[in-house]
Amino acid sequence: MLAYFPKPLPEEMLSSMVARYHYYSGGGGSYATCEELFCKKTITYDFPSGLDHFTSQLCAGEPYNSEFFIFNHTLAPIFLPFFDDTNKEEILVEMKTVSSKNLHTKMGMMGDIKNKTYMEYCPVCAKENIESYGEPFFHRVHQVPKVLICPEHGCLLNEYQEIHKINDKNIIIKMRGDNLNLVPQYISDSTFSAQLQMIAKSALFFLKLAPSKFNKSFIFEKYRKLLEEKDLAYSSGLIKQEVIAKEFYKFYGERLLESMESSNMARQNWLEYITTTKGLKHKIHPIRHILFMTFLCGSVQAFFNFPIEQNDTFCPKQTYSVNIEVKLLKSSNSRLKVNWGERDIEIREKLKHAYVELLQLEWPVRITKLSLAKHIDMRAVIMKNKKRLPKTYEFLNKVVESSEDCQLRKLDAANNILLKEGEPPNVGKLLRTAGINSGHLSIKLKDKINLLLQNSA
Ligand SMILES: [Zn+2]
């Protein structure tokens with residue numbers, strides 16, 4: 001039992017806590033500290049293992065178990081959603097046990113996206129941490145490969161070059177306040193900077209995502225549906241690879257894709273993998289998933305909020321309503337008489353609720369007949385029985401919105417997000433956050449932007 005272990009700080013890397021422990025306990029060599037805590041000579045900074053041994057030594061009454069540290073203080077949560085449930089479980093077991101090896105390879109971190117060479121820090125976070133906690137510490141999101149700026153402060157991350165490189169596997173690196181450059185540096189190209197900030201914020205979103213919420217097949221199924229929805233797949237299911245590659249490049253530009261090591265499609269071909277079942281067999285780096293989700297939906301949040309019909313396996317709650325739909329379809333085809341008058345009113349009432357729910361989503365989803373019908377899992381019934389459902393259709397026709405209407409709502413939402421994050425909005429930021437292409441702005445959209453900027457000035 002350890003007499004003392006430092007209290008985990010918000011978003012602190014476990015390796016940073018270990019370094020603080022090492023420092024304050026006046027321990028000898030770092031091997032000895034690792035041996036004491038994890039029952040092995042070294043652990044990696046991002047995916048430590050031997051956590052069960054470690055947590056068994058914490059003072060009784062401390063509410064910490066191995067999962068707590070894995071999900072809150074390592075980089076695992078950004079990688080886990082891209083595995084299937086069995087592999088996820090295996091990785092968790094590996095992190096808990098002492099004998100684990102090659103976790104980096106298992107995580108898919110040895111691919112063509114380079115890991116960081118040094119631990120990194122944000123000068124503004126470090127300064128704030130010194131003020132609030134008396135010492136700076138290493139944050140998780142700043143160590144995610146390809147996160148180059150602080151999601152919160154937008155300034156470039158600095159390398160902490162004292163002592164050893166990460167590759168030396170010496171995780172006992174305590175951040176010392178007197179060893180930091182606390183002057184923040186910013187990227188002058190505002191488009192590039194906003195893109196990097198989007199990546200950093202998305203990484204943070206994943207780090208905080210409920211651990212068991214999504215898995216690989218859920219994400220790939222959603223990609224497939226979205227590609228269909230966005231007309232990037234033929235009705236045969238074949239994917240429009242060339243169109244996607246062209247649009248994807250246009251969406252991000254060469255500079256960002258180069259810096260994310262994700263531009264050379266001919267060699268890596270990861271876009272083809274991510275859009276087809278090939279992706280299920282390969283490990284695709286989370287940064288590339290972030291790029292692809294944002295390309296499809298404007299942000300990773302919007303990707304997860306995008307309402308699509310899901311397989312029953314992913315969402316048990318829906319099984320019930322899917323069954324209703326199946327029953328309804330059967331009955332509409334059978335000789336049994338369906339009271340369509342009642343059915344019409346029933347569906348209309350459900351849609352009214354769905355309409356309110358869709359409007360309340362934090363990130364706007366375009367209100368269409370399809371999105372509403374899908375929201376209540378009654379797409380087939382509604383779409384195939386137009387003549388039998390006059391009241392339903394009267395309601396639908398009244399509430400559906402144009403793409404422009406939805407963009408107007410997205411601008412409002414984007415403005416709220418920026419203000420909430422303390423970012424003064426400008427035209428570029430509003431459009432990027434809203435996921436609107438600046439090339440085709442209608443008068444209404446321009447007016448809306450002007451209005452938002454005037455109000456926030
Ligand atoms: Zn920061």
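Me: Before reading any feature, what is pLDDT, and what is its mean over the protein chain?

Reply: pLDDT is the predictor's confidence in each residue, on a scale from 0 to 100. This is a predicted model, and the mean pLDDT of its protein chain is 85, with 89% of the residues reaching 70 or more. Over residues 310-336, however, the pLDDT is below 50, and this stretch has 22 contacts in the model beyond near neighbours in sequence.

Me: How should I read a nonpolar core, and which residues have the most contacts inside the largest one?

Reply: In soluble globular proteins, nonpolar side chains tend to be buried together. Here the largest nonpolar core has 73 residues, and Tyr 121, Ile 199, Ala 200 and Ala 203 have the most contacts inside it. Helix α9, residues 190-207, gives the most to this core, namely nine residues, while domain 1 (14-179) and domain 2 (214-305) each supply at least three. Another core, of 13 residues, lies apart from it and includes Ile 347, Ala 354, Ile 367 and Leu 396.

Me: What does Ile 199 touch, leaving aside residues up to four places away in sequence?

Reply: With those set aside, Ile 199 touches Lys 146, Val 147, Ile 287 and Ile 290.

Me: How do I read a single helix such as α22, and against which elements do its buried residues pack?

Reply: An α-helix has 3.6 residues a turn, so residues three or four places apart point the same way. Among the buried residues of α22 are Gln 407, Leu 411, Ala 414 and Leu 418, and the buried residues of this helix pack against α23 (427-434) and α24 (443-456). At 1.5 Å a residue, the 18 residues of α22 (403-420) should span 26 Å, which agrees with the 25 Å between its end C-alpha atoms. After α22 comes Gly 422, with a positive phi near 70°.

How values were computed:
Residues are numbered from 1 along each chain as its sequence is written. This is a predicted model: local features need pLDDT of at least 70, side-chain atom pairs count only at pLDDT 80 or more; totals for chains, interfaces and linings use all residues. Helices (H or I, at least four residues) and strands (E, at least two) are DSSP runs, numbered from the N terminus. The expected span of a helix is 1.5 Å times one less than its number of residues. A residue is buried if 20 or more other C-beta atoms lie within 10 Å of its own, exposed if 12 or fewer, and partly exposed in between; C-beta atoms are placed from the backbone. Two residues are in contact if their C-beta atoms, placed from the backbone, lie within 7 Å. A nonpolar core is a set of buried Ala, Val, Leu, Ile, Met, Phe, Trp, Tyr and Cys residues joined through C-beta atoms within 7 Å. Domain bounds come from an automatic or database domain assignment.
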